[in-house]
Structure formats: structure tokens, C-alpha cells
Amino acid sequence: MLVRRPGVDVPFGTPDATWLATAGDQGWIVLMRDQRIRHRALEIQSLRDARVGALVVTAGQATARDTADVVIAKLRKILHISRSERRPFLYTLGITGSLSRLKIR
């Protein structure tokens with residue numbers, strides 16, 4: 001498994017539609033911390049257009065370490081989702097480890 005990072009694989013400031021298209025083309029799973037994504041129609045449309053599989057961590061006050069801990073704890077489940085779910089998809093990942101699929105189609 002290879003991890004891609006913003007600023008390294010895609011320059012900071014790249015428009016969402018552009019980097020999401022790259023993620024979709026490469027089959028990457030996108031992990032983000034945008035709690036309000038479900039309310040951002042343009043970002044949801046970009047996810048759909050790029051056919052991206054994405055997870056959004058919804059714990060607003062979580063530290064980077066808290067986020068890493070929950071992702072590591074749920075990594076097997078995340079990998080299973082990434083291999084079995086039809087794209088595009090968007091899941092929320094709570095700090096307690098709860099995973100919920102959001103309807104974006």
C-alpha cells in the first residue's frame with residue numbers, strides 16, 4: 001500500500017476537480033477531514049465526476065494523531081470497502097471508529 005500526500009503528489013492549491021480527477025484515474029482512496037463535505041455541492045459533484053472512493057473523518061477536534069489512530073484501527077475495513085464498493089462512494093469515519101456511507105449518487 002502506498003500513501004499519497006498533498007503537496008508531494010499533487011501540488012498544494014490544486015483545484016479540487018483537478019486533484020480528484022487524478023485520484024479517480026489512479027484508483028486512489030481519498031481521506032479527508034472536511035466535516036461539511038455533505039453540504040458542499042461542488043465537491044460532491046467533483047467526487048462523482050472523478051468516480052472517487054473517499055472517506056471523511058468527522059471528528060472536528062481530533063488531532064492528527066487521533067485521526068491516524070482511528071484510520072489505523074479501521075484500515076482493514078477501509079481496504080475492504082475500497083475493493084468491494086462501486087465508485088464513487090463517500091463514507092464518514094467517526095473518531096470512535098464508526099463508518100457510515102453517505103448517499104452521493
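Colleague: What share of the contacts with a separation of 6 or more joins residues 24 or more positions apart in the chain?

Modeller: Happy to start there, with the reminder that this is a predicted model, where local features need pLDDT of at least 70, side-chain atom pairs count only at pLDDT 80 or more, and totals for chains, interfaces and linings use all residues. Residues are numbered from 1 along each chain as its sequence is written, and side-chain values use heavy atoms, leaving out hydrogens and water. A contact means heavy atoms within 4.5 Å. Among contacts with a separation of 6 or more, the share from residues 24 or more positions apart is 55%.

Colleague: In what order do the helices and strands of the chain run?

Modeller: Both are DSSP runs numbered from the N terminus, helices being H or I with at least four residues and strands E with at least two. The chain holds four helices and four strands. From the N terminus, their order is α-β-α-β-α-α-β-β.

Colleague: What radius of gyration does the chain have, next to that of a compact globule?

Modeller: The radius is taken over C-alpha atoms, and the globule rule is 2.2 Å times the number of residues to the power 0.38. For 105 residues that rule gives a value near 13 Å, and the chain agrees with it, at 13 Å.

Colleague: Which element gives the most to the largest nonpolar core?

Modeller: Such a core is a set of buried Ala, Val, Leu, Ile, Met, Phe, Trp, Tyr and Cys residues joined through side-chain atoms within 4.5 Å, where buried means under 20% relative accessible area (1.4 Å probe, protein chains only). The largest one has 16 residues, and Val30, Met32, Ile37, Leu47, Val52, Ala54 and Leu90 have the most contacts inside it. Helix H1 (16-26), strand S1 (29-32), helix H2 (41-50) and strand S2 (53-57) each supply at least two of its residues. The top contributor, with three residues, is H2.

Colleague: How many residues are in the other core, apart from that one?

Modeller: Val70, Ile78, Ile81 and Leu93 are among its members. The count for this core is nine residues.

Colleague: Is threonine 92 buried or exposed?

Modeller: Threonine 92 sits in strand S3 (residues 89-93). Not counting residues up to four places away in sequence, Threonine 92 touches Arg38, Val56, Thr58, Ser98, Leu99, Ser100 and Leu102. With a relative accessible area of 9%, Threonine 92 is buried.

Definitions and conventions:
Buried means under 20% relative accessible area, exposed over 50%, partly exposed in between (1.4 Å probe, protein chains only).
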